[in-house]
Amino acid sequence: MTAMDVTKKTIRSGRQGRVMARRCALLYAAMVGVGAVLAMAGAVARYAALRGGFPRVPLFADWLGNGGASNVESLMGGMLFAGGVIWFVAFVGPELCHGVARRPLVAAPALCGTIAAALSAGAMTLAEIALVDQSRIVSGSVWSRAYSLWGNDLIMMPFSYRFLYAWQLIPTSTGGIEETSGIIPGGWLFLAMACFALMLMVTALGMLAGAAVVWVCEGGMRRVVPGVCVTVAACVAGMELFLFNSSVTVYWVASAMTGDVIRYMPNWNERHLYIAWIPLVESLVLLAVCVLIVLRLTLRREVHDSRRGLV
């Protein structure tokens, strides 16, 4: 390859990267916008229900928030996951056929998804701060089960909100009064960090799911059957790890992976330590692993340089 060929390839890759990043940014902006609209609609429906009114759409509050506060983490996470799937199912195949290199097609959702995850986490954190009811925040060292960890009745962030606190003592043997550290200095920063880690995880998994779906469908039945088996096995393993595990060791590992490190005390009382950097590091590693896997899944579909024209 001559120096002129290298220069042309570099220019082409740079132009393709900018075009793909722009298109992918529009897709993620649309998904985040839809998620924000649905979250606001759920909060409004919840507010109307609390005030004794009724939403215009029947069961609207139940649909968005299970009859309670709108779970904005699940909502925005679902939108980011769907964005990754849509990108690879609807855009990557045609672009590869038109000569676009696979690296810009994989780098675009990784970059735009990371930015969308950061913006979503920031917006959710600001909304939580703006809507929080200070009278309901646990600020002392002792609190009863009658209290809720949620600071408002309109939206909730069940994964991230616990990182406002350093620890929580759960007396499982006696069922007595629970204790908490109270909100720590910089707690809102740790909340935002955990929320960003969660959004980044679902973004990476959305990319992987989209690329895997396309890869399986292009291979016919020889890939569909193993793909379905792998998906079922992964779902069963996930449920066994996080939902239905009966082993104390497995339960500890699953909790620690989410940043909830448990220390068992006398009489099997549990002290939960909330460490936000654990899910953050896991999300970065997961993103890197998913990007590498997606690059391999798209390898055979890339058009060779000799057949690729300028895009």
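What percentage of the 311 residues in this chain is buried? Hold that thought for a second. One caution before anything else: what you see above is a predicted model. Okay, the number is 42%.

Now, the overall inventory. We've got eight helices and seven strands in the chain. And how does the chain fold back on itself? If you take contacts between residues at least 6 apart in sequence, 70% of them join residues at least 24 apart.

Let's zoom in on a pair of helices. In general, you describe two packed helices by the angle between their axes and the distance between the axes. Our pair is helix 3, residues 72-97, and helix 5, residues 187-218. Their axes come within 7 Å, and they cross at roughly 30°. Angles under 35 degrees count as roughly parallel, so that's what we call helix 3 and helix 5. The crossing is also right-handed, if you want to check that on the screen. And who sits in the contact between them? By class, there are 16 nonpolar residues, five polar ones and one charged one.

Next up, a glycine. Find Gly113, over in helix 4, which covers residues 102-131. Is Gly113 buried or exposed? Its relative accessibility is 0%, so Gly113 counts as buried. Who does Gly113 touch, once you set aside its neighbours within four places in sequence? The list is Tyr28, Ala108 and Thr203. You can also look across to Phe81: that residue is 32 places away from Gly113 along the chain, yet their C-alpha atoms are separated by 9.3 Å.

On to cysteines, and here are a couple to compare. Cys217 has 56% relative accessibility, and the cut-off for exposed is over 50%, so Cys217 counts as exposed. Cys290 has 1%, and buried means under 20%, so Cys290 counts as buried. How many disulfides turn up if you search the whole structure? Zero.

Last stop, helix 7, residues 248-257. Which residues there should you click on to see buried ones? Try Ala254, Ser255 and Ala256, a run of neighbours that are buried. Then keep going just past the end of helix 7 and you hit Gly259, which takes a positive phi of about 90°.

So, to recap: a predicted model, with 42% of its residues buried, a right-handed crossing between helix 3 and helix 5, and a buried glycine, Gly113, in contact with Tyr28, among others. Thanks, everyone!

Terms used: Residues numbered from 1 in each chain as written. Predicted model: local features only at pLDDT ≥ 70, side-chain atom pairs only at ≥ 80, totals over all residues. Heavy atoms only, no water. Buried < 20%, exposed > 50% of the residue type's maximum accessible area, 1.4 Å probe, protein only. Helix = DSSP H or I, 4+ residues; strand = E, 2+ residues; numbered from the N terminus. Axes fitted to C-alpha atoms, helices over the stretch in contact; angles between N-to-C directions. Parallel < 35°, antiparallel > 145°, perpendicular 65-115°, else oblique. Left-handed = near helix turned anticlockwise from the far one by under 90°. Nonpolar A, V, L, I, M, F, W, Y, C, P; charged D, E, K, R; others polar. Disulfide = S-S within 2.5 Å. Contact = heavy atoms within 4.5 Å.
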